[in-house]
Amino acid sequence: MTPLDNKMPERIARLAELAYNLWWSWHPDARALFAQLDISLWQNTHHNPVHMLKEISAERLEEAARDTLFRRNYDKVMMTYDREMQNGHTWFQQNFPELKTQVVGYFSFEFGLHNSLPIYSGGLGILAGDHAKEASDVGLPLVGVGFMYPQGYFRQRLPSHGWQEAVYEQLDLSQTPILPFLDETGREIRIGVRISDREVFARIWHVRVGRTPLYLMDTDVDDNDPWDRELSARLYSGDSEQRIRQEIMLGIGGVRTLRTLNIQPSVWHMNEGHSAFLLLECIREKVAAGESFAEALAEVRTHSLFTTHTPVAAGHDAFPFHMVEKYFNGYWEEMGLSREKFLDLGKHQEEWGTAFNMTVLALRLSGQANGVSKLHGEVSRRMWQSVWPDRDVKDVPIGYVTNGIHVPTWVPSEMYELYAKYLGPNWVEQHDDPILWERLSDIPDEELWSLHMELKRKTVSFFRERARRSWLYGHSDPTQILTGGTLLDPDALTIGFARRFPTYKRATLIFRDLERLQRLMLDRQRPVQLIFAGKAHPADDPGKVLIQTIYNLAKHSQLAGRVAFMEDYDMHMARYLVQGVDVWLNNPRRPREASGTSGQKAAVNGVPNFSVLDGWWAEGYNGANGWPIGQDKEYSGFEQQDQEDAIALYQTLEEEIVPLYYDRDRDNIPRGWVAIMRESIRSCAPHFSTRRMLKEYARLYIRAMKGEAG
Ligand SMILES: *Cc1c(COP(=O)(O)O)cnc(C)c1O
């Protein structure tokens, strides 16, 4: 049942059900079906079928219900949907029939599934969203647990001075693909957690991601005090007091949510340390049932898996002891622990003193732990050796599973069809098999290149159209129209850079020698242009300075409109960028990028990477599928590193990238360039897919399910 059911004509009644299952978002036929219903409404709602079906007129629906072509497409999509949702022969069921009744509980602060559900800020969330989608595709029984943030993550505004402003908008929940979770009597379900002196309640929203359910807690309910109602209002805002309260709700409230829904995971997967309090709750439950702390811990360890996501120290939450005491006073007794023993579980020396560190807690109590790339695994073993003081770095029990991307989500329909034509109509089913991708050699250069140029023009016109609309509706002044990409040239070599703006990602590195860059950009025969996008965390002023710097350069006449900064980066824009530029730039300060995934999205669309050998690219670069920046080494200081990397960047641009791009044959095709595009797809698509990644996680899950880990 959905609130839209009553509005639907009988013949196409299940469109409402489809709108409320994000399955539609990674199936091109389903996307096309909604677009066919009303193309301008589809665009105006930013591809949000729930919103669209709410707005659309009854007449238009009736008309579609009578239209033979629409009906045929509808039947086809619904057939695929039913087949996939009921498929009993998935990879997981075929390989592990004995485990099909087990469940993985996957906890994450954020989930990036689609822009219509803005409860993500960046890579961590998108990874969680991709993980949930892929679990559905391969039939891995997983349930996601997180928060519904009624104000989502902020929307970015860039006034003409370029200093980022954060705008929080209350989401209209009736236009969001979520449904309240109701009990048998049709009432909303509530869970409660005591947070310091009072009980805080949450209602539960249900999100359907193919067959994967997501349960999102929302504390904006009448029974709560105003302050508690705000607890889950927004993603990553507020101070550490608010943060610990959120994390208590995520970890402890999350366990209680699953118990209330009678879901009993045999694996608890923590996507980052934010949810690590769940381990305490699992121990507390067992102690309450009569076990000793030691017995309870041993069991919890066996069934838990922790993924750490960053080598940046500030990315690991640590709370002062007095704060932890305030919230857990009384709780440690229920776990069978003294105050000291309890605090020891998370004890860690921070720069500012001894504190309770969520990563340390997760590492101490989880049976398995991993980083998100090979290099990040190494860095993490070094970083957390203090948790195992009597072990060598190499024996620190942190492994790695390199991140990947959900390929069907990040490949546009046009690319999807090209792959179907040359790899076979079932290419998605086998896309983690490298052999399949050898067939790419059958695609003629002409065809790959002309599709790329078509996607590039589509992206440029997407940006121009955005600029035009905001000009039309008076949302911007001339500076903003200029910086928003109106002068972009679809024929110029286009470099894309889009991601969050923490300083370690060095968004401004390419501007280090402005004159040298200017020579490249303004070359009459072989021009280069840059498209930037990304948000800085609302409390990150240095990150906002980087945005402002680029913004000011973009509006300066000396670069003549060859730099654009796109306002309000989100998944919708990301899709356009990763398919519609020529090169994907990534220049973090090595080794701070744990994995990075945006470059993987570009790679499967034939957009080669030009990146520091950090994160996934240290594994992905093979000498023929893109370009490295700098060397695979450690530097003595930031200044030296920035300087050397910048020089390497210019050199490769001047000597390799630009000449190759503009080296055209008689048909105006850059053969050498197309070879790199092809190699980028061939070498990256199978391995850096969420499918390959999930199958690796499945091995860890299975150890936990069978009680072999810990
Ligand atoms: C993929 C993606 C990211 C992650 O980008 P990185 O370059 O890996 O940091 C961030 N934001 C959005 C919207 C994305 O789609």
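The shell around the ligand draws on two domains: at least three of its residues come from domain 2 (91-403 + 694-705), and at least three from domain 3 (418-688). Please bear in mind that this is a predicted model.

Which helices contribute to that shell? At least two residues each are supplied by α8 (123-138), α25 (571-580) and α26 (598-604). By character, the shell residues comprise five nonpolar, five polar and four charged.

Of the 14 residues around the ligand, those that come nearest are R499, K505, T597, S598 and K601. Three of these side chains deserve attention. In S598, a side-chain N or O atom is 2.5 Å from an oxygen atom of the ligand. For K601, a polar side-chain atom lies 2.6 Å from a ligand oxygen, and for K505 the distance from a side-chain N or O atom to a ligand oxygen is 2.7 Å. How much of the ligand's accessible area does the protein cover? Of the 390 Å² that the ligand has on its own, 96% is covered.

I turn now to the strands around β7, residues 198-209. Strand β5, residues 179-180, runs antiparallel to β7 and is joined to it by two bridges, with P180 opposite W205.

Strand β6, residues 190-195, is also antiparallel to β7, through six bridges; here R194 has E199 as its bridge partner. Two residues separate the strands of this hairpin, and S196 takes a positive phi near 50 degrees.

Finally, β7 pairs with β8, residues 212-218, in the antiparallel sense over seven bridges, and R203 stands opposite D218. This hairpin too has two residues between its strands, with G210 in the turn at a positive phi of about 60 degrees.

Key: Residues are numbered from 1 along each chain as its sequence is written. This is a predicted model: local features need pLDDT of at least 70, side-chain atom pairs count only at pLDDT 80 or more; totals for chains, interfaces and linings use all residues. Side-chain values use heavy atoms; hydrogens and water are left out. A residue is near a molecule or strand if one of its heavy atoms lies within 4 Å of it. A polar contact is a pair of N or O atoms within 3.5 Å; within protein, one must be able to donate a hydrogen and the other to accept it, and residues adjacent in sequence count only if both atoms are side-chain atoms. Accessible areas come from the Shrake-Rupley method with a 1.4 Å probe; for residues, only the protein chains shown count as cover. Helices (H or I, at least four residues) and strands (E, at least two) are DSSP runs, numbered from the N terminus. Ala, Val, Leu, Ile, Met, Phe, Trp, Tyr, Cys and Pro count as nonpolar, Asp, Glu, Lys and Arg as charged, and the others, Gly among them, as polar. Domain bounds come from an automatic or database domain assignment. Two strands pair if DSSP finds at least two bridges between them.
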